Amino acid sequence: MSKKRPGGESLPSAPTTATGTSPDHEVPDATPAPDPKRWWALAVIALAQLMVILDGTVVNIALPSAQRALGMSDADRQWVITAYTLAFGGLLLLGGRIADLVGRRRTFVIGLAGFAAASALGGAATGPGMLFGARALQGAFAAVLAPSALSLLATTFTDPKERARAFGVYGALAGGGSAVGLIVGGLLTEYLNWRWSLYVNVPIALAALLGAPAFLRDRSGRRGGHLDVPGALLGCGGLVALVYGFSEAEPRSWSSPSVLTPLVAGVFLLTAFVWWQSRAASPLLPLRIVRDRVRAGSLATMGLATIGMFGVFLFLTYYLQVVLGYPPVRTGLAFVPISAGIVIGATQIAARLLPRTAPRTLMSSGMVLAAAGMVLLSSLTVHAQYVTHVLPALLLLGLGMGLTFMPVYATATAGVPAQDAGVASAVLNTVQQMGASLGTVLLNTIATSATGRYLHSHVPGPGADGATLDQGMVHGFSVAYRCSAGVLLLAALVAGLTVWHRTPKHAGNDAPA
């Protein structure tokens, strides 16, 4: 076409490109411009993630002191841990969907403020009931905070290289936060008191709260969305029942009605939940999220990895303190190598390789490395030396976890429609939480049973001396470590068979529904 001058003369039209557009008026790239404050946003999200993960273990080393101070019975002390995991694991799906409907930044801020208040309440507890309630509140606000943080990360970083770096940091915190919690818990308990294992969350949350309004960007929420109330009742009820059943299996037994009843109820409720989600107009969990083979494989890998990994922290804590006689601070510091390995594996290896390497390669390699670390731990004896026997295993475990968790987080949240980012992140967090709960219970049961069999076959009389008890305990741990190695190898196989695609080039911001 040609343009007309006012006098009627024709002007030659501007040359067009192969797409029919003028070079002076090209259609802009559909990919949104990156947020200039995205790296500050990562710092805020990382603080929140560290607080949530750290709180799963920071109380563990402080628990004996808290029990003595508040007069808790041996039967009730487990509720300091269980109250948190019960609320956190059971409410994650609901928290993720609320983030999608209300707005992820808004729920992130609410979760931070609530978590800080609950932590302060727990630190000021005057009795066991007050501490249990505060821990449950922490778990409830964590269930809102964790999926909001992960979905904000997924929608903020869309460039493949930057996304890999961001998820490298997130994966390092997700894997290393538990070990950091043991270190911080030991330091606070020995040099201050057990209450600071809860108070420590307040300054972390306040720092994140100051940065959230300035650096986090998100939509105001999903207009016209409705909360799936029947789905929330079925899904959250089923998850709470399962977490409760797993938590009761350790102090009771798997054949106890107090264990079987909630487990059966949980399976029934979750089966009904899946049926309802296929029919609901606005489902709490759109089934398209978990029907994708790559995402389902990533979720399965995460679940198996956490089942196999979380027994390490429990068993090594007892091994170092009871068998080797380490004080709390030294026990916490003994876990530094696993944290260092996770950081190196996630940020320096996986983050650099993911943009040009298939995720399954990193995941499978990481799980094989972690399984090798477990095999090394299974050879520990009551006279083992930390530097020559424990340290190499922790380094292998850390590198393996870093190589695995980072691509799992990036792949499981890639290509999710923006309106479902919160619930997709909640699914991943739920799988991780359920895997940790199930793994701790299963592996502890395996270790306890193996220890009992060892003592029965090696102690003919009614009692055993301290050395024999230590040998029995270490034998039980060794059996559990070998089982963990098998679970981690299964995770490597699942990742290799299911996660076949690379991470999308632009993964996240507003993927179409």
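**Aromatic contacts in close-up**

**View 1. A charged side chain over a tyrosine ring.** The charged end of R330 sits over the ring of Y326, at 3.9 Å from the ring centre. This view, like those that follow, is taken from a predicted model.

**View 2. The stacked pair of F315 and F477.** A pair of aromatic rings is described by the distance of the centres and the angle of the planes. In this model the count of aromatic pairs comes to 5. In one of them, F315 and F477, the ring centres are 5.0 Å apart and the planes meet at 25°, which is under the 30 degrees required, so the pair is stacked. Distant parts of the chain are linked by this pair: F315 belongs to helix α13 (residues 311–323) and F477 to helix α19 (residues 466–498), with their positions 162 residues apart. F315 is buried, its relative accessible area being 2%. F477 is likewise buried, with a value of 8%.

**View 3. The edge-to-face pair of F315 and Y481.** F315 also forms an aromatic pair with Y481, and here the arrangement is edge-to-face, with 5.9 Å from centre to centre and 80° between the planes. This contact again joins distant parts of the chain, as F315 lies in helix α13 and Y481 in helix α19, 166 residues apart. Y481 has a relative accessible area of 2%, below the 20% limit, and is therefore buried.

**View 4. The cluster of F315, F477 and Y481.** Ring pairs link these residues, F315, F477 and Y481, into a cluster. Within the cluster, F315 is stacked with F477 and edge-to-face with Y481.

Terms used:
Residues numbered from 1 in each chain as written. Predicted model: local features only at pLDDT ≥ 70, side-chain atom pairs only at ≥ 80, totals over all residues. Heavy atoms only, no water. Phe/Tyr/Trp six-rings, centres within 6.5 Å; stacked < 30°, edge-to-face > 60°. Helix = DSSP H or I, 4+ residues; strand = E, 2+ residues; numbered from the N terminus. Buried < 20%, exposed > 50% of the residue type's maximum accessible area, 1.4 Å probe, protein only. Lys NZ or Arg CZ within 6 Å of the ring centre and 35° of its normal.
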